[in-house]
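Trainee: Got a minute to go through this one with me? I'd like to talk about empty space first and helix packing after that.
Mentor: Sure, pull it up.
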Amino acid sequence: MNVSQKWFAIGLLAFTGWLIYLLSPILMPFAIGALLAYLGDPFADKLENLKLSRTLAVVIVFSVMLLALTLVLLLLVPMLENQIARLIGNLPAYASWIKTDILPWLKNRLGIEGQFIDIDQAIKILKSHWQQAGGMASTIIGSLSKSSMVVAAWFMNIVLIPVVTFYLLRDWDLLVAKIHDLLPNRMAPTIETLAKESDEVLSAFFRGQFTVMLALGAIYSIGLWIIGLDLSLLIGIVAGLVSFIPYLGSVVGIAAACIAAIVQFHDVWQLIPVAVVFGVGQLLEGMVLTPLLVGDKIGLHPVAVIFAILAGGQLFGFLGILIALPVASIMMVLIRHAHDLYKDSDFYAR
């Protein structure tokens, strides 16, 4: 690649980033549809290997995905709303625990006087906002009713996501083949290698890490429910969702569960079952789930994960959050190859 071609490639990348930035408000359904199609393509391929047509295989995969999403919305969201309402209702108990136990401990051990925040006022604000909202469903409906344009945008996004997902899933292999045909012949082997490694990384994260997150959320929720914790589902799901950052899920979950257990049971011995639940979850994650479903293909440092999500959200909003980790994973593959080229170069050897 000569100098002019390099500058052309750099300019093309810059133009693409600028275009994505301009179109980010309308790209969300296409990004979600592409992600769902990418996740569903291996299952459609397996059904094709069973002598089913591509269209029939896609219909089956699409129907299963739609059914799963519907069950989540119908079953999980109301349960989460109920637990959030219970948490809001228990805020006075948490405030009392902070005043009678935490603040005196801070004063005696660290010499900290007074309160950094008016706890009672904060609780009143949270409760008033929740009561005014009337829950998640009414909050969404209320916000949509304020503007017909917002309603139309939400409706279009909801309609577009399944439509885009279906057509991309049906034509996924065809699109990949057409993109392959457009590659310059002398660069095709290198690009194919990078694309294969990027696919392995993305597959390990989305199809592997996402499954680990769901499994941990279920393990934590069921375990905390067994020991009788009222906020078991809420704490378990939150801990599972943030577990893509190593140890953060267990730290957040243990902290929240310990506070909830002390406030609910008023007995420090109830912390032992909480520790057992998260200990079992960590053992299953480290010995079974991650080795089996993810392996060591991701290679993203936890700090890089956090930075990618924050940077994506800052630059492109919710769309940036969606594409942050895929882009970061691909960049890690490119950086790894650039590192190898640098180590093999004459510049490094001299």
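Mentor: Let's begin with the lining of the largest cavity: Leu-216, Tyr-220, Ser-243, Ile-245, Tyr-247, Leu-248, Gly-249, Ser-250, Gln-282 and Glu-285. Keep in mind that this is a predicted model.
Trainee: OK, and what volume does the largest cavity have?
Mentor: About 40 Å³. With a cut-off of 30 Å³ or more, the count is one cavity.
Trainee: Which helices supply at least two residues each to that lining?
Mentor: Helix 8 (188-226), helix 10 (248-265) and helix 11 (271-293) do. Helix 10 has the largest share, with three residues.
Trainee: How do the lining residues divide into nonpolar, polar and charged?
Mentor: Five are nonpolar, four are polar and one is charged.
Trainee: Switching to packing now. At what angle do helix 8 and helix 9 pack?
Mentor: At about 155 degrees, and their axes are 7 Å apart. Helix 8 and helix 9 are therefore roughly antiparallel, since angles over 145 degrees count that way.
Trainee: Is that crossing left-handed or right-handed?
Mentor: Helix 8 passes helix 9 in a right-handed crossing.
Trainee: And which residues meet there?
Mentor: From helix 8 you have Met-213, Leu-216, Gly-217, Tyr-220, Ser-221, Leu-224 and Trp-225. They meet Ser-232, Leu-233, Ile-235, Gly-236, Ile-237, Ala-239, Gly-240 and Leu-241 of helix 9. By class, this contact has ten nonpolar and five polar residues, with no charged ones. Leu-216 and Tyr-220 are worth marking in your view, as they take part in this contact and also line the largest cavity.
Trainee: Marked. Where does helix 9 sit in the sequence, and how does its axis cross that of helix 10?
Mentor: Helix 9 covers residues 232-241, and its axis comes within 7 Å of the helix 10 axis, crossing at roughly 165 degrees. That pair is therefore roughly antiparallel as well, and the crossing is right-handed.
Trainee: What does helix 9 bring to that contact?
Mentor: Ile-235, Val-238 and Ala-239, which meet Gly-249, Val-252, Gly-253, Ala-256, Ala-257 and Ala-260 in helix 10. Seven residues of the contact are nonpolar, two are polar and none is charged. Ile-235 and Ala-239 of helix 9 meet helix 10 here and also appear in the contact with helix 8.
Trainee: Last one: how do helix 10 and helix 11 cross?
Mentor: Their axes come within 9 Å and cross at roughly 160 degrees, so helix 10 is roughly antiparallel to helix 11. Helix 10 passes helix 11 in a right-handed crossing.
Trainee: Which residues meet in that one?
Mentor: Ser-250, Gly-253, Ile-254, Ala-257, Cys-258, Ala-261 and Ile-262 in helix 10 meet Leu-271, Val-274, Phe-278 and Gln-282 in helix 11. The contact has eight nonpolar residues, three polar and no charged. Ser-250 and Gln-282 belong to this contact, and they take us back to the cavity, where both are among the lining residues.

How values were computed
Residues numbered from 1 in each chain as written. Predicted model: local features only at pLDDT ≥ 70, side-chain atom pairs only at ≥ 80, totals over all residues. Heavy atoms only, no water. 1 Å grid on protein atoms, 1.4 Å probe; cavity = no way out; pocket = protein on both sides within 12 Å on 5 of 7 lines; lining within 4 Å. Points joined across faces, edges and corners; volume = space filled by probe spheres on them. Helix = DSSP H or I, 4+ residues; strand = E, 2+ residues; numbered from the N terminus. Nonpolar A, V, L, I, M, F, W, Y, C, P; charged D, E, K, R; others polar. Axes fitted to C-alpha atoms, helices over the stretch in contact; angles between N-to-C directions. Parallel < 35°, antiparallel > 145°, perpendicular 65-115°, else oblique. Left-handed = near helix turned anticlockwise from the far one by under 90°. Contact = heavy atoms within 4.5 Å.
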